[in-house]
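Me: I would like a close look at a single part of this protein, set against the chain as a whole. Please take it slowly and keep to what the model can support.

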Amino acid sequence: MDQLHSQLGETGADGVVSRAMEELAVRLAKVESCYKKGQLDEMQRAARSMIAISEQIGMETFARVAADVNTLATRDDGTALAATVDRLMRIGQKSLLAVWDLQGDSV
């Protein structure tokens with residue numbers, strides 16, 4: 001995120017991060033919904049888009065776990081997929097709250 005601030009300035013970086021966080025929140029809900037409905041292809045698409053967005057704003061762990069969800073959706077290991085989706089939800093929620101808190105502090 002520091003790199004975004006240096007490239008775009010504080011206002012520009014905050015805008016990029018805000019839009020990215022909104023998109024990640026939507027896709028996180030999509031992954032959870034698709035998982036519960038057994039729509040693994042759609043869940044994979046949402047996870048792949050989360051990878052790109054989270055990498056853009058420096059959320060490497062979030063991106064890595066989304067990649068794991070994407071990979072596990074193609075395998076016949078429901079237990080690993082369930083655990084990894086749960087991990088993505090936890091990391092996603094904590095990450096989103098942390099970034100929103102930081103943005104609130106800078107206002």
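Reply: A good place to begin is Gly58, which takes a positive phi of about 80° just after H2, and from there one can turn back to the helix itself, bearing in mind throughout that this is a predicted model. H2 covers residues 40–56, and its length can be checked simply: at 1.5 Å a residue its 17 residues should span 24 Å, and because the C-alpha atoms at its ends are 24 Å apart, the two values agree.

The buried residues of H2 are Met43, Gln44, Ala46, Ala47, Met50, Ile51, Ile53 and Ser54. Two of these, Met43 and Met50, are among the residues that touch the most other members of the largest nonpolar core, a set of 29 residues in which Met21, Leu24, Val31, Val69 and Leu88 are likewise listed. Besides H2, the elements that give two or more residues to this core are H1 (2–37), H3 (60–72) and H4 (78–106). In soluble globular proteins, nonpolar side chains tend to be buried together.

Met43 deserves a closer look, since, leaving aside neighbours within four places in sequence, Met43 is in contact with Val31, Cys34, Tyr35, Val69, Ala73, Leu81 and Val85.

As for the setting, the chain comes to 4 helices and 0 strands, running α-α-α-α from the N terminus on, and buried residues make up 37% of its 107 residues. Among contacts between residues at least 6 apart in sequence, 59% join residues at least 24 apart, while the accessible surface of the chain comes to about 6300 Å², of which 48% belongs to carbon and sulfur atoms.

How values were computed: Residues numbered from 1 in each chain as written. Predicted model: local features only at pLDDT ≥ 70, side-chain atom pairs only at ≥ 80, totals over all residues. Heavy atoms only, no water. Core = buried A, V, L, I, M, F, W, Y, C linked by side-chain atoms within 4.5 Å. Buried < 20%, exposed > 50% of the residue type's maximum accessible area, 1.4 Å probe, protein only. Contact = heavy atoms within 4.5 Å. Expected span 1.5 Å × (residues − 1). Areas by Shrake-Rupley, 256 points an atom, 1.4 Å probe, with all protein chains shown as cover.
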